[in-house]
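Thanks, everyone. Let me put the model up and walk you through it.

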Amino acid sequence: MHPDFVGPYQIERKIGAGGMGNVYLGVHKDTGKRAAVKVLPPTMAREDGFVQRFQREIESLRKLSNRHIVELYEDGTTDDATFYYSMEYIDGSTLTAEITDRKRLPWKEVIEFALQISAALKAAHDAGIVHRDIKPSNLLLTKDRIIKLTDFGVASLFATSRLTRTGGIVGTAEYMSPEQA
(Lines give C-alpha, C1' and ligand atoms only; values in the text may rest on other atoms or scores of the structure.)
Protein backbone atom coordinates (compact mmCIF):
# COMPACT_ATOMS: atom_id res chain seq x y z
CA MET A 1 0.00 0.00 0.00
CA HIS A 2 1.39 3.37 -0.94
CA PRO A 3 0.48 6.86 0.28
CA ASP A 4 -2.10 8.86 -1.68
CA PHE A 5 -0.05 12.06 -1.53
CA VAL A 6 3.52 12.96 -0.65
CA GLY A 7 3.94 16.72 -0.43
CA PRO A 8 2.35 18.18 -3.58
CA TYR A 9 2.53 14.86 -5.46
CA GLN A 10 -0.41 12.52 -5.98
CA ILE A 11 1.09 9.04 -5.90
CA GLU A 12 0.15 6.67 -8.72
CA ARG A 13 2.27 3.61 -7.95
CA LYS A 14 5.47 2.31 -6.40
CA ILE A 15 8.30 2.14 -8.93
CA GLY A 16 11.24 1.12 -6.77
CA ALA A 17 12.70 0.43 -3.35
CA GLY A 18 16.15 0.48 -1.89
CA GLY A 19 18.19 0.83 1.25
CA MET A 20 17.21 4.48 1.71
CA GLY A 21 13.50 4.33 0.98
CA ASN A 22 10.75 3.76 -1.52
CA VAL A 23 10.33 5.51 -4.86
CA TYR A 24 6.90 6.30 -6.27
CA LEU A 25 5.59 7.72 -9.50
CA GLY A 26 3.85 10.95 -8.58
CA VAL A 27 2.06 13.75 -10.40
CA HIS A 28 2.39 17.30 -9.11
CA LYS A 29 -1.09 18.50 -8.11
CA ASP A 30 -0.58 22.03 -9.56
CA THR A 31 1.63 21.51 -12.62
CA GLY A 32 0.71 17.96 -13.65
CA LYS A 33 4.42 17.17 -14.00
CA ARG A 34 5.34 13.52 -13.46
CA ALA A 35 8.16 12.82 -11.02
CA ALA A 36 9.88 10.01 -9.20
CA VAL A 37 9.26 10.72 -5.51
CA LYS A 38 11.68 9.16 -3.04
CA VAL A 39 10.40 8.79 0.51
CA LEU A 40 12.39 8.02 3.64
CA PRO A 41 10.32 5.47 5.62
CA PRO A 42 9.14 6.69 9.05
CA THR A 43 11.12 3.91 10.76
CA MET A 44 14.33 5.30 9.24
CA ALA A 45 13.34 8.94 9.80
CA ARG A 46 13.54 8.33 13.56
CA GLU A 47 17.30 7.76 13.29
CA ASP A 48 19.55 10.77 12.72
CA GLY A 49 22.04 8.81 10.61
CA PHE A 50 19.43 7.91 8.00
CA VAL A 51 18.04 11.45 7.91
CA GLN A 52 21.57 12.83 7.44
CA ARG A 53 22.23 10.41 4.57
CA PHE A 54 18.91 11.27 2.94
CA GLN A 55 19.70 14.97 3.23
CA ARG A 56 23.21 14.36 1.89
CA GLU A 57 21.66 12.60 -1.13
CA ILE A 58 19.50 15.68 -1.74
CA GLU A 59 22.51 17.96 -1.30
CA SER A 60 24.46 15.88 -3.84
CA LEU A 61 21.68 16.06 -6.41
CA ARG A 62 21.25 19.78 -5.81
CA LYS A 63 24.88 20.31 -6.90
CA LEU A 64 24.50 18.36 -10.14
CA SER A 65 23.33 19.38 -13.57
CA ASN A 66 24.17 16.94 -16.33
CA ARG A 67 22.06 15.21 -18.96
CA HIS A 68 23.32 11.85 -17.66
CA ILE A 69 22.24 12.41 -14.05
CA VAL A 70 18.63 12.51 -12.88
CA GLU A 71 17.45 16.04 -12.16
CA LEU A 72 16.31 17.02 -8.66
CA TYR A 73 13.00 18.92 -8.66
CA GLU A 74 12.24 19.68 -5.01
CA ASP A 75 12.45 18.30 -1.50
CA GLY A 76 10.58 18.71 1.74
CA THR A 77 8.95 17.27 4.80
CA THR A 78 5.24 16.55 5.00
CA ASP A 79 2.95 17.46 7.91
CA ASP A 80 3.42 13.95 9.31
CA ALA A 81 7.26 14.38 9.25
CA THR A 82 7.84 12.27 6.14
CA PHE A 83 11.04 13.28 4.34
CA TYR A 84 10.87 13.21 0.55
CA TYR A 85 12.35 14.58 -2.62
CA SER A 86 11.18 14.53 -6.20
CA MET A 87 13.29 14.02 -9.27
CA GLU A 88 13.08 13.47 -12.99
CA TYR A 89 10.97 10.43 -13.81
CA ILE A 90 12.61 8.15 -16.37
CA ASP A 91 10.11 6.15 -18.38
CA GLY A 92 12.51 3.38 -19.30
CA SER A 93 14.39 0.58 -17.60
CA THR A 94 17.51 -0.01 -15.58
CA LEU A 95 20.70 -1.16 -17.23
CA THR A 96 20.24 -4.35 -15.18
CA ALA A 97 16.94 -5.07 -16.97
CA GLU A 98 18.51 -4.27 -20.34
CA ILE A 99 21.38 -6.71 -19.76
CA THR A 100 19.05 -9.38 -18.39
CA ASP A 101 16.61 -9.08 -21.31
CA ARG A 102 19.19 -8.95 -24.08
CA LYS A 103 21.88 -11.20 -22.51
CA ARG A 104 24.62 -9.66 -24.63
CA LEU A 105 25.05 -6.06 -25.74
CA PRO A 106 26.96 -5.14 -28.91
CA TRP A 107 30.40 -3.69 -28.16
CA LYS A 108 29.59 -0.36 -29.84
CA GLU A 109 26.57 0.06 -27.57
CA VAL A 110 28.65 -0.85 -24.52
CA ILE A 111 31.19 1.82 -25.44
CA GLU A 112 28.41 4.41 -25.94
CA PHE A 113 26.95 3.54 -22.52
CA ALA A 114 30.44 3.70 -20.94
CA LEU A 115 30.99 7.17 -22.40
CA GLN A 116 27.66 8.36 -21.01
CA ILE A 117 28.38 6.87 -17.58
CA SER A 118 31.84 8.47 -17.64
CA ALA A 119 30.26 11.86 -18.41
CA ALA A 120 27.94 11.46 -15.40
CA LEU A 121 30.81 10.47 -13.11
CA LYS A 122 32.96 13.35 -14.35
CA ALA A 123 30.14 15.82 -13.64
CA ALA A 124 29.75 14.35 -10.15
CA HIS A 125 33.49 14.46 -9.45
CA ASP A 126 33.72 18.02 -10.78
CA ALA A 127 31.02 18.92 -8.24
CA GLY A 128 33.00 17.22 -5.46
CA ILE A 129 30.84 14.09 -5.26
CA VAL A 130 31.89 10.44 -5.27
CA HIS A 131 28.86 8.20 -5.99
CA ARG A 132 30.23 5.06 -4.25
CA ASP A 133 27.54 2.70 -5.57
CA ILE A 134 27.88 2.45 -9.35
CA LYS A 135 26.00 -0.61 -10.57
CA PRO A 136 23.59 -1.41 -13.42
CA SER A 137 20.50 -0.98 -11.24
CA ASN A 138 21.50 2.64 -10.50
CA LEU A 139 21.79 3.42 -14.22
CA LEU A 140 18.48 4.19 -15.91
CA LEU A 141 18.04 3.94 -19.66
CA THR A 142 15.57 6.27 -21.37
CA LYS A 143 13.54 5.33 -24.44
CA ASP A 144 16.05 7.45 -26.43
CA ARG A 145 18.94 5.26 -25.13
CA ILE A 146 20.31 7.93 -22.80
CA ILE A 147 21.87 6.71 -19.55
CA LYS A 148 20.84 8.54 -16.33
CA LEU A 149 22.76 7.97 -13.10
CA THR A 150 20.61 7.85 -9.98
CA ASP A 151 20.71 6.87 -6.30
CA PHE A 152 23.24 9.09 -4.55
CA GLY A 153 22.23 7.62 -1.18
CA VAL A 154 25.76 6.58 -0.20
CA ALA A 155 27.58 9.31 -2.12
CA SER A 156 30.43 11.07 -0.41
CA LEU A 157 30.97 14.80 -0.65
CA PHE A 158 34.61 15.90 -0.70
CA ALA A 159 35.69 17.87 2.39
CA THR A 160 32.64 17.03 4.50
CA SER A 161 32.33 15.10 7.72
CA ARG A 162 31.97 11.37 7.25
CA LEU A 163 28.72 9.58 8.01
CA THR A 164 30.30 6.15 7.90
CA ARG A 165 32.31 4.61 10.67
CA THR A 166 36.02 4.28 10.10
CA GLY A 167 36.44 0.84 8.63
CA GLY A 168 32.73 0.65 7.76
CA ILE A 169 31.68 -0.61 4.34
CA VAL A 170 29.18 1.32 2.24
CA GLY A 171 27.88 0.19 -1.14
CA THR A 172 26.87 -3.03 -2.85
CA ALA A 173 29.25 -5.93 -2.24
CA GLU A 174 28.89 -7.43 -5.73
CA TYR A 175 30.14 -4.18 -7.32
CA MET A 176 32.98 -3.36 -4.90
CA SER A 177 36.63 -3.67 -5.68
CA PRO A 178 38.25 -6.80 -4.22
CA GLU A 179 40.24 -4.81 -1.64
CA GLN A 180 37.00 -3.30 -0.24
CA ALA A 181 35.13 -6.59 -0.22
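I'll take the strands, then a helix, then the salt bridges. One caution before that: this is a predicted model.

Start with strand 4, residues 34–39. How many of its six residues are buried? Five, so to speak of it as mostly covered is fair by definition. Strand 4 has a partner in strand 3, residues 21–28. The two run antiparallel, and six bridges join them. They form a hairpin, with five residues between the strands. Look at Gly32 in that turn: its phi is positive, about 75°.

Now the other pairing. Strand 4 also pairs with strand 6, residues 83–88. Again the sense is antiparallel, this time over five bridges. Ala36 is a handy marker here. In strand 3, Leu25 stands opposite Ala36 of strand 4. In strand 6, the bridge partner of Ala36 is Met87.

On to helix 2, residues 48–62. Is its length as expected or not? At 1.5 Å a residue, its 15 residues should span 21 Å, and the end C-alpha atoms are 21 Å apart, so the two agree. Its buried residues include Val51, Phe54, Ile58 and Leu61. Charged names are on that list too, among them Arg53, Arg56 and Glu57.

Next, salt bridges. Side chains of opposite charge can pair when their charged atoms come close. The whole structure has 10 salt bridges. I'll show three.

The first I picked joins Asp75 and Arg62, at 2.3 Å from N to O. Asp75 sits in strand 5, residues 72–77, and Arg62 in helix 2, so this pair ties together parts that are 13 residues apart in sequence. Asp75 is partly exposed, because its relative accessibility is 33%. Arg62 comes out at 52%, so it counts as exposed.

Next pair: Arg102 and Glu98, 2.7 Å from N to O. Both are in helix 3, residues 95–102. They are four residues apart, which means a separation of about one helical turn. Is Glu98 buried or exposed? Buried, at 11% relative accessibility. Arg102 is partly exposed, at 31%. This pair also belongs to a network of salt bridges that links Glu98, Arg102, Glu109 and Arg145.

Last pair: Asp133 and Lys135, with the closest N and O atoms 3.6 Å apart. Asp133 is buried, with 9% relative accessible area. Lys135 is buried as well, at 15%.

That's my tour. Questions, please.

Key. Residues are numbered from 1 along each chain as its sequence is written. This is a predicted model: local features need pLDDT of at least 70, side-chain atom pairs count only at pLDDT 80 or more; totals for chains, interfaces and linings use all residues. Side-chain values use heavy atoms; hydrogens and water are left out. Buried means under 20% relative accessible area, exposed over 50%, partly exposed in between (1.4 Å probe, protein chains only). Two strands pair if DSSP finds at least two bridges between them. The expected span of a helix is 1.5 Å times one less than its number of residues. A salt bridge is a side-chain nitrogen of Lys or Arg within 4 Å of a carboxyl oxygen of Asp or Glu.
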